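Please open the model in your viewer and switch to a cartoon representation, keeping the sequence panel at hand. The tour below suggests what to select at each stop.

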Amino acid sequence: MIKNMTFIKIFGLTLICLSVSINAFSQNYTVVDFGSLKDSPATYSSEMNKSEVEEISALVYDLNPTIFIGSSGYKILGEEAPVKAELSPGNFQNLSTANPGFNNVKLLKLKVENEADLNASFDLSTLQSFTNLEYIFIECTFECSATRISNMFSNVGNVKILYVISTPE
């Protein structure tokens, strides 16, 4: 009887440790410096290929159907379904409500303008309407780091997170 109890305890602890390890592993993801990647595509060749870098660049910098999310609501630019959504970190909670305008969004662009924005917490599992989301693009208007950005997100899944530092001149 005592041997069975010991076995059950060891087995239970093993399952708990395995569960924690799997959960920790599922949170491992890389935040990519898009500025460096764009300047030197070979740097992150294991992360993305040239055509994917070009696709992201087109989504970020070209004129695309876009949904702008603010504290007072949404505004869509373009005639077609938006493929890009733009917002500030303070409006992230507005993304958890169901909205058919989010269905085709491939890239979510966050503009981070101060250190306090880096303390925001984003659980991507709440983005139920974003069925085609592939990328999150962070634009920092000051020096920020991949580590600080990665601490902002949980439940990332297959979404790739990229950032660029664009300081005003």
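Begin by selecting strand 5 together with strand 7, which in this predicted model pair in the parallel sense over 6 bridges. To see one of these contacts by residue, pick Lys-111, whose bridge partner in strand 7 is Glu-139.

Next, keep strand 5 (residues 107-112) selected and add strand 4 (residues 84-87), which runs parallel to strand 5 and is joined to it by 4 bridges. Within this pair, select Lys-84 and look across to strand 5, where its bridge partner is Leu-107.

Now show helix 3 (residues 50-61), which packs on the sheet and touches strand 4, strand 5, strand 7 (135-140) and strand 9 (160-165). If you view helix 3 against strand 7, their directions make an angle of about 60°.

With these neighbours displayed, how many of the 6 residues of strand 5 are buried? The count is 5, so strand 5 is largely enclosed by the rest of the structure, where buried means under 20% relative accessible area.

Finally, widen the selection to the whole open sheet, in which 7 strands follow the order 1-9-7-5-4-2-3 with mixed pairing. At its edges lie strand 1 (31-33) and strand 3 (73-77), each of which pairs on one side only. As you rotate the view, note that neighbouring strands of this sheet are turned against each other by 25° on average, direction ignored.

Conventions. Residues are numbered from 1 along each chain as its sequence is written. This is a predicted model: local features need pLDDT of at least 70, side-chain atom pairs count only at pLDDT 80 or more; totals for chains, interfaces and linings use all residues. Side-chain values use heavy atoms; hydrogens and water are left out. Two strands pair if DSSP finds at least two bridges between them. Helices (H or I, at least four residues) and strands (E, at least two) are DSSP runs, numbered from the N terminus. Axes are lines fitted to C-alpha atoms, for helices over the stretch in contact, and angles run from 0 to 180 degrees between N-to-C directions. Contact means heavy atoms within 4.5 Å. Buried means under 20% relative accessible area, exposed over 50%, partly exposed in between (1.4 Å probe, protein chains only).
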